[in-house]
Amino acid sequence: MVILMDRLDTPSGQRAVARCTELGRAPYSDMEGGLFRPYLGPSYRATCARLAQWMEQAGMATRMDAAGNLVGRYEGLVPDAPAVLLGSHIDSVRDGGFYDGMLGVILGIETVAHFAHAGKRFPFALEVIGFGDEEGSRFPTGMLTSHAVAGVPQDPDPAMADWAGEATLASALAEFGLDAGQMHRAARRRDGILAYVEAHIEQGPALEAADRALGVVSAIAAQQRYRITLRGMAGHAGTVAMALRRDALAGAADIILAAERIGRAGTDGLVATVGSLDVVPGAANVVPGEVVLSLDVRAGSNAGRDQAVADILQAARHTCALRALEMDITLQQDLDATPCDGRLTELMEQAVGSVTGAPAPVLVSGAGHDAMIMAHLAPVSMLFIRCAGGISHNPAESVTPADTDAAFRALITFIGLLERHSG
């Protein structure tokens with residue numbers, strides 16, 4: 001029996017949604033009853049194998065690079081031509097949605113399949129890449145594998161343990177026949193990549209509010225992420241007087257409210273989030289002596305982000321002084337605001353306008369993407385696809401086949417425009 005999602009006469013948007021749905025369940029998930037696909041886990045291996053099948057059906061030769069990224073290549077008119085790279089990430093957050101990252105990979109495959117079926121080749125090659133680690137949901141770092149491809153030094157510690165404490169980066173790579181000391185060999189040459197193009201669900205409500213299927217990204221917001229450790233003094237909840245307490249959790253609460261207050265008062269797309277707390281000793285009858293919290297600050301510009309971070313950390317220091325707490329601050333991630341390439345943005349706007357019959361909405365992405373890192377290697381362009389309620393990183397994540405088909409048609413139109421303007 002022919003499976004609907006593999007039929008060539010199935011609309012590409014419908015097939016793309018069906019394929020993402022297939023990859024949301026075992027064996028493509030390491031989580032019962034939901035989706036969790038961590039980098040280099042068992043479900044990652046199964047997913048790469050399935051994606052490679054689809055890439056090969058679409059006319060591509062496939063390989064896994066030294067960082068564990070899956071790459072498919074459709075040659076141009078001449079061998080070894082520079083490539084237009086289409087893709088996104090394969091990994092997911094725990095209990096995530098089916099479309100974050102994966103839809104961009106599948107749409108890349110659909111785009112190549114369209115041209116291969118038509119016998120069309122270009123002065124450039126087309127490649128599809130599925131990045132292994134964007135989310136940082138297994139190891140304590142994000143965008144690990146796009147850093148490797150872009151040749152941006154990150155120097156990950158091969159001995160760093162995964163969230164479960166069951167494997168190191170080195171041992172996880174070794175299970176795939178890869179060497180942590182050789183990850184840098186995934187780096188691509190600048191003259192080998194003409195552009196990086198990433199289709200992605202919006203992860204926000206702007207397109208839905210405007211009743212538009214597609215949008216074009218002009219820039220990706222600046223980000224900084226911190227680990228903040230507060231140390232006070234643990235003590236008996238019944239015997240330590242309130243006036244004498246050095247309560248680390250109460251101090252953390254003050255800092256969380258300061259981050260919210262400063263984030264709400266900001267402009268330039270500013271957002272500030274404390275998403276995790278680790279309380280020690282974490283007992284109901286003990287005054288908390290230590291708290292580790294995360295701080296994530298994003299804005300449309302480096303200056304806006306940096307000012308907010310300075311204000312939040314100043315408030316944190318004031319809190320610690322009032323409450324006699326010690327504080328350690330570790331910067332874990334620092335990503336500059338990333339403008340998309342102007343020429344590619346114009347071509348993507350033309351492509352979206354041609355497909356939808358209306359001017360393309362132009363948006364700034366508050367979420368981070370592999371495109372931020374790939375911009376160090378090549379010009380980048382991003383296409384956003386409407387998602388229901390703007391929900392992402394959640395099982396309720398949803399797109400329609402019609403919107404996905406519009407995205408597919410925008411991508412093939414974009415590639416045609418790029419060919420026309422690449423001479």
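Two residues are in contact when heavy atoms of theirs lie within 4.5 Å. Counted that way in this predicted model, 77% of the contacts between residues at least 6 apart in sequence join residues at least 24 apart. So much for neighbours; now for the overall picture.

The protein holds 11 helices and 16 strands. Its radius of gyration is 23 Å, which agrees with the value near 22 Å for a compact globule, given that there are 423 residues. Laid along the principal axes, the C-alpha atoms fill a box of roughly 80 × 45 × 40 Å. Buried residues account for 52% of the 423. The surface comes to about 17,800 Å² of exposed area, and carbon and sulfur atoms supply 53% of that. As for charge, there are 33 positive and 49 negative charges, and their mean positions sit 2 Å apart.

A good place to look inside is strand β2, residues 70-74, where 5 of the 5 residues are buried. Cover comes on both faces: Leu70, Gly72 and Tyr74 are buried on one side, and Val71 and Arg73 are buried on the other. This strand also has partners. Strand β1 (residues 61-64) is joined to β2 by 4 bridges, and the two run antiparallel. Within that pairing, Ala61 has Arg73 as its bridge partner, and Arg73 is one of the buried residues of β2. The β1 and β2 hairpin leaves 5 residues between the strands, and Gly68 in this hairpin takes a positive phi near 90 degrees.

Strand β2 also pairs with β4 (residues 125-131), again antiparallel, through 5 bridges. Here Tyr74 stands opposite Leu126. Strand β4 is in turn joined to β3 by 7 bridges, but this time the strands run parallel. In that pairing, Leu85 stands opposite Glu127 of β4. Strand β3, residues 83-89, is mostly covered too, with 7 of its 7 residues buried. Put together, β4 is bridged to β2 and to β3, while β2 is bridged to β1 as well.

Following the chain on from β4 leads to Gly136, in the loop between β4 and α4 (144-150). Gly136 counts as partly exposed because its relative accessible area is 23%, which falls between the 20% and 50% cut-offs. Setting aside residues up to four places away in sequence, Gly136 touches Asp91, Thr141 and Gly142. Ala67 is 69 residues away from Gly136 along the chain, and the C-alpha atoms of the two are separated by 14 Å.

A second loop residue gives a contrasting case. Leu270 is found in the loop between α7 (248-265) and β9 (271-273). Its relative accessible area is 12%, so Leu270 is buried, the limit for that label being under 20%. Neighbours within four places in sequence aside, Leu270 is in contact with Ile262, Gly263, Val297, Arg298, Ala299, Gly304 and Ala308. By contrast, Leu103 lies 167 residues from Leu270 in sequence, and 27 Å from it in space, C-alpha to C-alpha. Of these two loop residues, then, Leu270 is buried, whereas Gly136 is partly exposed.

Conventions:
Residues numbered from 1 in each chain as written. Predicted model: local features only at pLDDT ≥ 70, side-chain atom pairs only at ≥ 80, totals over all residues. Heavy atoms only, no water. Rg over C-alpha atoms; globule rule 2.2 N^0.38 Å. Buried < 20%, exposed > 50% of the residue type's maximum accessible area, 1.4 Å probe, protein only. Areas by Shrake-Rupley, 256 points an atom, 1.4 Å probe, with all protein chains shown as cover. Lys, Arg positive; Asp, Glu negative; His and termini not counted. Charge placed at Lys NZ, Arg CZ, Asp CG, Glu CD. Pairing = 2+ DSSP bridges.
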